[in-house]
Amino acid sequence: MKTLLLSPKLGSGFRGSLPIGLGYLKACLLKEGFTEVKVLDMGRLKVESIREIIHTESPEIVGITTFTDIRGNALKAVAIAKEINPRVKTILGGVHATLMYQQIMENYPAVDIICRGESERTIVELFQALSNAGDLRKVKGIVYRQDGEIVVTEEREKIRDLDALPFPNYDDIDLKKYEDVSGPWKGKPVATIITSRGCPFSCTFCSSRLVWGNWRHRSVSNVLDEIEWLVSQYGIGIVSILDDIPTSNKARFKEFCQGILNRGLHITWRASTRADCVSLELLELMREAGCLLLSFGVESGSPTILKNLNKKQKIEDVVNAFAWCKKAGIKTHFNVIIGAPGETRATIEETKNLIKKTRPTDMDTTNMTLFPGTALWKQAQDEGLCDDSFFLTDQECLYYTGAMTVPEMYQTAREVYFLQARLGGLSGYARLVKFGFEKLRWTPRKVVSGLLPWKRK
Ligand code: B12
Ligand code: SF4
């Protein structure tokens, strides 16, 4: 069965990263004898280019990933594929389809099947059923239509033994295209790896647990083998660890760093984690093992906001983590959420004070975004701020507006970026000039709204 696995066109300003999820799916399909599978990253292509792709590749199956904000790109690509060849079987996967499968099946007839959540096992069983005219009802974790009815099969259990998975397959991908645009790795290709899946926390705004469940991890030796393979096979020297919280288990992560050193792997790497999941000792070892940059989802400097978001993070942990990173020689990235439930002028000041205190190397802000299925989505729905019909529109993101208006959020983002620039002196302003337009996505409409004075309704 000739199959095309696609990652959708990304939003403007996003460069994307290796389609590692599709790489895993292809590797699992190959292992089970489905050899005609091609992975194609459409991240930087026009959605319309799917027309030419379908004509040249003539696939029998088209599978595509969905994120909430760019769901429209994925759904449009599927509709075009179906229009060109109505016999093409279309499959959706990824976070948005996992959480909004009912709405998608009811409203988008071009979608034939949805795979919910972790799909390495599901796609193999699905392909076996499709190629042998087997019973789809027996394939756990899928949604499909039969005689006009939407059939939702039993939930699939999460993969416990992640080491049993093959490494992602990148045969169709030019890894050199995934170079960094800024920072210490500017212009160099970056490979991505996932050493663990899921997260032990339940922040109200986050989809991670809904897709991946509780934290599960690969063995250290299996991860090191993959890095060794990336280095020897593709000449990769820089690795981005995509786990939500790779340092959830500090002892395991120490073992990982020690393994990099013992095997003499000459790589540099970066990761994201939580401030309360690191220690000075661990950070020093991480630096020795090649870690140059750590990104922290700090979200806010206000204990009240952190509590409202169920972040379960103390301000003193944030202060310590940033001070330790400085001591260990690791650059830091401070991520801020603006407009969370309970946000006021005073809580914004608390966040600014925390930035002043921690002096991160870099930072980014995000307006409080509502993702389907999350506790925050339900809260906003109860407050009358949203309902599921939003996902049938062409709009990318829906922000939480229970605390601030959207112009107020953009105005606050400006303030925070200017603060960071001021703290960085000349180089801080230079960075703002260089990346400001991208960071604030200063479209004319947003410039106008961003210039409005900040004031509560
Ligand atoms: C890497 C990453 C990115 C990369 C892009 C990824 C890419 N391929 O180019 C970049 C940096 C660009 C990015 C940006 C953003 N991201 Co992001 N990102 C991630 C991250 C950290 C890892 C994704 C990943 O590779 N996972 C590992 C692989 C194995 O999983 P996977 O790709 O999901 O695939 C598996 C299944 O989903 C399924 N599957 C996936 N596709 C398909 C297709 C088919 C046909 C089938 C059958 C199955 C299937 O099978 C795979 C194997 O099990 C996730 C967090 C996470 N832990 O997943 C967030 C995450 C996906 N991002 C998120 C968000 C919010 C964003 C941003 C909106 C952030 C922002 N405010 O700017 C932007 C949006 C960019 C855009 N859409 O234009 C949210 C998505 C929430 C949602 N409901 O959409 C996540 C879940 C983080 C979170 N915890 O909230 N992101
Ligand atoms: S925001 Fe981070 S810590 Fe919170 S649930 Fe999501 S991945 Fe876990």
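The following exchange examines how the descriptions of this predicted model rest on their criteria.

User: What conventions apply to this model?

Analyst: The model is predicted, so local features need pLDDT of at least 70 and side-chain atom pairs count only at pLDDT 80 or more, while totals for chains, interfaces and linings use all residues. Residues are numbered from 1 along each chain as its sequence is written, and chains are lettered from A and ligands numbered from 1 in the order in which they are written.

User: What makes the radius of gyration of the protein chain agree with that of a compact globule?

Analyst: The radius is taken over C-alpha atoms, and the globule rule is 2.2 Å times the number of residues to the power 0.38. For 457 residues a compact globule would have a radius near 23 Å, and the protein chain has 22 Å, so the two agree. Along the principal axes, the C-alpha atoms fill a box of roughly 65 × 55 × 35 Å. Of the 457 residues, 41% count as buried.

User: How are the helices and strands of the protein chain identified, and how many are there?

Analyst: They are DSSP runs numbered from the N terminus, with helices being H or I of at least four residues and strands E of at least two. On that basis the protein chain has 17 helices and 15 strands.

User: Which domains are assigned, and how far apart are their centres?

Analyst: The bounds come from an automatic or database domain assignment, which gives domain 1 (3-152) and domain 2 (174-451). Their C-alpha centres lie 28 Å apart. The contact between them takes 19 residues from domain 1 and 23 residues from domain 2, where two residues are in contact if their C-beta atoms, placed from the backbone, lie within 7 Å. On the side of domain 1 that touches domain 2, α3 (71-84), α4 (95-99) and α5 (101-107) each supply at least two residues. The largest share of that side, three residues, comes from α4.

User: What is the residue make-up of the side of domain 1 that touches domain 2?

Analyst: It divides into six nonpolar, nine polar and four charged residues. Here Ala, Val, Leu, Ile, Met, Phe, Trp, Tyr, Cys and Pro count as nonpolar, Asp, Glu, Lys and Arg as charged, and the others, Gly among them, as polar.

User: Why is the largest nonpolar core said to lie between the domains?

Analyst: A nonpolar core is a set of buried Ala, Val, Leu, Ile, Met, Phe, Trp, Tyr and Cys residues joined through C-beta atoms within 7 Å. The largest has 115 residues, and those with the most contacts inside it are V78, L92 and I114. Domain 1 (3-152) and domain 2 (174-451) both give residues to this core, so it lies between them. Leaving aside neighbours within four places in sequence, V78 is in contact with V62, I64, T90, L92, A110 and V111.

User: Why is V298 called buried, whereas A110 is called partly exposed?

Analyst: A residue is buried if 20 or more other C-beta atoms lie within 10 Å of its own, exposed if 12 or fewer, and partly exposed in between, with C-beta atoms placed from the backbone. V298 has 28 such atoms and is therefore buried, while A110 has 18 and therefore counts as partly exposed. V298 lies in strand β13 (residues 291-299), and A110 lies in the loop between α5 and β5 (113-115). Not counting residues up to four places away in sequence, V298 touches A275, V318, F334, N335 and V336.

User: What makes the phi value of K312 notable, and is K312 buried or partly exposed?

Analyst: K312 has a positive phi of about 50 degrees although it is not a glycine. With 13 C-beta neighbours inside 10 Å, K312 counts as partly exposed. K312 lies in the loop between α11 (303-308) and α12 (315-328).

User: Which residues come nearest to ligand 1, and which domains contribute to its shell?

Analyst: A residue is near a molecule if its C-beta atom, placed from the backbone, lies within 6 Å of it. Of the 38 residues around ligand 1, G11, G21, G63, T65 and G93 come nearest. The shell draws at least three residues from each of domain 1 (3-152) and domain 2 (174-451). The helix α1 gives the most to this shell, with four residues.

User: Which residues surround ligand 2?

Analyst: They are C199, F201, S202, C203, C206, S208, R209, D244, I245, R274 and G297. By class, this shell has five nonpolar, three polar and three charged residues.
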